[in-house]
Amino acid sequence: INERERPSSRQCLQSEWFSLHPAEHAQRLSPVAVRELADFCRRSAFERSVLMGVATQVHALDIPEINSIFTALDRANTGTLSRERVAVALQGLGIEETMALKAVEAIDVDGDDNIDYTELVAGLLCAYDDHIDRLLWAAFRSLDLDNDGRLDRKEVATLLSAAEVDGRKIQPSARELDALLDELDRDQDGFIQFDEFRTRFTPKVKRF
């Protein structure tokens, strides 16, 4: 591909295809869903790791709205979406170009320049309150290795050491891990309870 001849996202937005279909995308994505995608780049490595773990457990029939969105964007039925395609769709829904590009870079968790179904689910999951609590509880229980109903430093470290963001293993320093635990542990009892864990992901609850 000659990069000099490659159209910009703005030019793609002006193409005949996109001018015929902006309403379709707008109808499929609620304002909350659009905001969640745009804000995904602001999520920490911990949050992205949890959401990717949750997303791998989501069947297409669990949240048909997300399946519908992916199908609408994947018009060639390749099973993946290019970063540019998702960025163009976000811009068509009113997201500023720079923010749209940052969002798709963050959503592409494995760094392969494509957005697969699981990555799109991770990016949109928190917009669906009627599903997120059940899925987060299942994720919390899977992380709670000693089944004591709370997460400790070792359990959070285990999650992060097994996770990848942008195709790279996460290797948090002791200081970074302490800072994360301090932020999550709102009552400062040395453990992360489910309500503290949940607050990071539920849009109806103000994040701290």
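## A buried glutamate and its backbone partners

A polar atom of the E196 side chain lies 3.1 Å from the backbone nitrogen of R186. The same side chain also reaches the backbone nitrogen of Q193, at 2.8 Å. These values come from a predicted model.

E196 belongs to helix α13, which covers residues 194-199. What is the nearest side chain of opposite charge to E196, and how far away is it? It is R186, at 6.3 Å. E196 is buried and has no salt bridge. A salt bridge requires a side-chain nitrogen of Lys or Arg within 4 Å of a carboxyl oxygen of Asp or Glu, so the 6.3 Å separation from R186 does not qualify. R186 therefore contributes its backbone nitrogen to the surroundings of E196, but no salt bridge with E196.

## The chain as a whole

The protein chain contains 13 helices and 4 strands. Of its 208 residues, 41% are buried. The accessible surface of the chain comes to about 11,100 Å², and carbon and sulfur atoms account for 49% of that surface.

Contacts across the sequence can also be described. Among contacts between residues at least 6 apart in sequence, 68% join residues at least 24 apart.

## Salt bridges between separate elements

Side chains of opposite charge can pair when their charged atoms come close. In the whole structure, a search finds 10 salt bridges.

One of them joins R83 and D113, whose closest N and O atoms are 3.7 Å apart. R83 is in helix α7 (residues 83-92), whereas D113 is in the loop between α8 (97-107) and β2 (114-116), so this pair ties together parts that are 30 residues apart in sequence. Both residues are partly exposed: R83 has a relative accessible area of 22%, and D113 has one of 48%.

Helix α13, which holds E196, also takes part in a salt bridge through R198. The partner of R198 is D133, and the closest N and O atoms of the pair are 2.7 Å apart. Because D133 lies in helix α10 (residues 129-143) and R198 in helix α13, the pair ties together parts that are 65 residues apart in sequence. D133 is partly exposed, with a relative accessible area of 30%.

## A local pair and a network

R150 and D148 form another salt bridge, with their closest N and O atoms 3.2 Å apart. R150 is partly exposed, at 30% relative accessible area, and D148 is partly exposed as well, at 33%.

Which residues are linked in a network of salt bridges? The network consists of E36, R43, E47, E183 and R200.

Technical notes. Residues are numbered from 1 along each chain as its sequence is written. This is a predicted model: local features need pLDDT of at least 70, side-chain atom pairs count only at pLDDT 80 or more; totals for chains, interfaces and linings use all residues. Side-chain values use heavy atoms; hydrogens and water are left out. Helices (H or I, at least four residues) and strands (E, at least two) are DSSP runs, numbered from the N terminus. Buried means under 20% relative accessible area, exposed over 50%, partly exposed in between (1.4 Å probe, protein chains only). Lys and Arg count as positive and Asp and Glu as negative; His and the chain ends are not counted. A polar contact is a pair of N or O atoms within 3.5 Å; within protein, one must be able to donate a hydrogen and the other to accept it, and residues adjacent in sequence count only if both atoms are side-chain atoms. Contact means heavy atoms within 4.5 Å. Accessible areas come from the Shrake-Rupley method with a 1.4 Å probe; for residues, only the protein chains shown count as cover.
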